[in-house]
Amino acid sequence: TASIKTIAVIGSAAVGEPYDPQGKDQGQNAWAMGDYYSGGGSGHVFATGVVTPLDGIRRYAERLGIKVVVSLSSDVANATEAAKKADVAIVVGATTAGESWDRASLNLDDNIDETIEAVAKL
């Protein structure tokens, strides 16, 4: 870790918030919606005390005196620019799943698959 001075955290999933239906929508509307921490539908559990990937990385890096640069989009140009400024790049990708609907593909949300490929090539 002594050689690491800067970490890039890339992707909107790095700040993903838990979905809380607050008891609403049971059996209708967004009831089947999941989040990055729990699937949707009857098995959905609202996560409390969530530390987002960005917050966790930032807290730990701060203790070690490591700077964190951030690109919270899947924009390839922004992501690669952030990655080039860092010794280490962490691309945070995720997807959701829920009850009663099929995903259109196995791709991650926000077109982050393309971003992962571009950052990996640096």
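Biologist: What phi does Gly65 take just after α1?

Modeller: Most residues other than glycine have a negative phi. Gly65 takes a positive phi of about 75 degrees, just after α1. Helices here are DSSP runs of H or I, at least four residues; strands are runs of E, at least two; both are numbered from the N terminus. This is a predicted model, with local features needing pLDDT of at least 70, side-chain atom pairs counting only at pLDDT 80 or more, and totals for chains, interfaces and linings using all residues. Residues are numbered from 1 along each chain as its sequence is written, and side-chain values use heavy atoms, leaving out hydrogens and water.

Biologist: Which residues of α1 are buried?

Modeller: An α-helix has 3.6 residues a turn, so residues three or four places apart point the same way. In α1, Leu54, Ile57 and Ala61 are buried (under 20% relative accessible area, 1.4 Å probe, protein chains only; exposed is over 50%, partly exposed in between). They sit on the same side of α1, because they cover an arc of only 70 degrees around the axis, taken from the directions from the helix axis to the C-beta atoms.

Biologist: Which residues are exposed on the other side of α1?

Modeller: Arg59, Glu62 and Arg63. The cover over the buried residues of α1 includes β1 (6-10), β2 (67-71) and β3; contact means heavy atoms within 4.5 Å.

Biologist: Where is Asp110?

Modeller: In the loop between β3 (88-91) and α3 (112-120). Asp110 has a positive phi of about 60 degrees, though it is not a glycine. Asp110 is partly exposed, at 40% relative accessibility.
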